[in-house]
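Hi everyone, thanks for coming. Let me put the structure up on the screen, and then we'll walk through it together.

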Amino acid sequence: MRIDLHTHSNVSDGTDTPSALMGKAREAGLDVIGLADHDTFAGLAEAYAAAAEVGVELVPAMEMSCELRGRSVHLLAYGADVGDEALLAELVRIREGRDQRLPKVLAKLAELGVPVSEEEVAAQVGDAPSIGRPHIADALVARGYVPNRDEAFVRWLADDGPAYVERYATELATGIELVHAAGGVAVIAHPWGRGSIAVLESEVLEGLVTEHGLDGFEVDHNDHDQSQRAELRRLAGRLEVLGTGSSDYHGLGKQDHALGCNLTSDEAYAALRERMNRARMDQLDRS
Ligand code: AMP
Ligand code: MN
Ligand code: MN
Ligand code: MN
């Protein structure tokens, strides 16, 4: 089976509607697709309807902004209860942090000689509840300052760039706990990608598994080279947790992340479904 467990729609910083994304998943020959918008479940209802129509299997997911020792770590939540109050309240807090960051970033950009207004960013965000740096990048592109998103990150918006501003993110251990309490499965996205590699050494990943019940981490992702993938695959095997693969598709937002460019094995997907069932049963047991 062709299984791609981590993609984005325009409900966060992707460029396809959830419906269009499901159609493209079918065209790309995917059997299973995970929709994991940043800090929101808002795209899932539309995605379910479209997935049923085109005949792909949707795995409901969300990519939560977490932090560990001051570094950004992205946590994928699979199958979490989208009505869980504690998790929803935390997502509101994260999205408020995104809102509060916006004027500070725009002030820095103005100082750097490339002003854009909140309205111009809002025009790029549309109805999405999650305002991201990629939307600010799109506004800079619309102004003609740079040709594409990537260039806006390289020049101004990257974590070490001159217009970077921190925002609130959930402590990683708390994030894992919240996802589990909501009956979800917790998988770290691109652990050895930019930023998080500095704080997620193998021993730290092992500790998160043994002490916090982390369910797995992404192995096959464009942020990882071949030797990193081999090492992460061995580690997931030794720890008996999920080692997944994904495109992290963002539509036109990330040109080198085509749907299905990395895949999850049938075995890892079966193990994910098992963990999703167990997590949901545990949640029901507690309620
Ligand atoms: P935010 O969550 O708003 O801080 O923005 C982070 C998002 O921007 C990520 O989910 C990526 O989609 C994108 N992104 C982060 N860093 C880069 C980069 N260096 N180049 C291009 N896109 C990036
Ligand atoms: Mn993104
Ligand atoms: Mn991510
Ligand atoms: Mn992502």
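Let's start with a question: does Asp248 count as buried or exposed? It counts as buried, because its relative accessibility is 3%. Just keep in mind that this is a predicted model. Asp248 sits in the loop between strand 8 and helix 10, which covers residues 266–286. Its phi is near 55°, a positive value in a residue that isn't glycine. For background, most residues other than glycine have a negative phi.

Okay, so what is Asp248 doing there? Together with His6, His8 and Glu63, Asp248 coordinates the manganese ion, ligand 4, at 2.1 to 2.3 Å. The two histidines use their NE2 atoms, while Glu63 gives OE and Asp248 gives OD. His6 and His8 are both buried. If you follow the donors along the chain, you get the spacing H-x1-H-x54-E-x184-D. And 4.7 Å away from this ion there's the manganese ion that is ligand 2.

Now look at the manganese ion that is ligand 3. Which residues coordinate it? They're Glu63 through OE, His74 through ND1 and His190 through NE2, at 2.1 to 2.2 Å. You've met Glu63 already, on ligand 4. Here the donor spacing reads E-x10-H-x115-H, and ligand 3 is 5.6 Å from the manganese ion that is ligand 2. His74 is in strand 4, and His190 is in the loop between strand 6 and helix 8, so this pair ties together parts that are 116 residues apart in sequence. His74 counts as buried, at 17% relative accessibility, and His190 is buried too, with 10%.

Next up, the nonpolar packing. The largest nonpolar core has 47 residues, and the ones touching the most other members are Met64, Leu75, Leu172, Ile188, Leu200 and Phe217. Strand 3, residues 57–68, supplies the largest share of this core, with five residues. There's another core apart from it, with 20 residues, including Leu102, Val121, Val125 and Val165. That goes with a general habit: in soluble globular proteins, nonpolar side chains tend to be buried together.

Zoom in on Ile188 for a second. Leaving out residues up to four places away in sequence, its contacts include Leu75, Leu172, Leu200 and Phe217, and also His74, one of the donors to ligand 3.

Leu172 brings us to helix 7, residues 172–181. Which of its residues are buried? Leu172, Ala173, Gly175, Ile176, Leu178 and Val179 are. Among the elements covering them are strand 3, strand 4, helix 3 and helix 8. After helix 7 comes Gly183, with a positive phi near 75°.

Helix 3, residues 85–111, also meets helix 5, residues 133–142: their axes come within 11 Å and cross at roughly 35°. The crossing is right-handed. Helix 3 puts in Arg101, Leu102, Val105, Leu106 and Leu109, and helix 5 adds Arg133, Ile136 and Leu140. That splits into six nonpolar residues, no polar ones and two charged.

Last stop, Glu240. It's in the loop between helix 9 and strand 8, and its phi is also positive, near 55°. Unlike Asp248, which is buried, Glu240 counts as exposed, at 66% relative accessibility. That's my tour, thanks for listening!

Notes
Residues numbered from 1 in each chain as written. Chains lettered and ligands numbered in written order. Predicted model: local features only at pLDDT ≥ 70, side-chain atom pairs only at ≥ 80, totals over all residues. Heavy atoms only, no water. Donors = N, O, S within 2.8 Å, 3.2 Å for Na, K, Ca; no water. Buried < 20%, exposed > 50% of the residue type's maximum accessible area, 1.4 Å probe, protein only. Core = buried A, V, L, I, M, F, W, Y, C linked by side-chain atoms within 4.5 Å. Helix = DSSP H or I, 4+ residues; strand = E, 2+ residues; numbered from the N terminus. Contact = heavy atoms within 4.5 Å. Axes fitted to C-alpha atoms, helices over the stretch in contact; angles between N-to-C directions. Left-handed = near helix turned anticlockwise from the far one by under 90°. Nonpolar A, V, L, I, M, F, W, Y, C, P; charged D, E, K, R; others polar.
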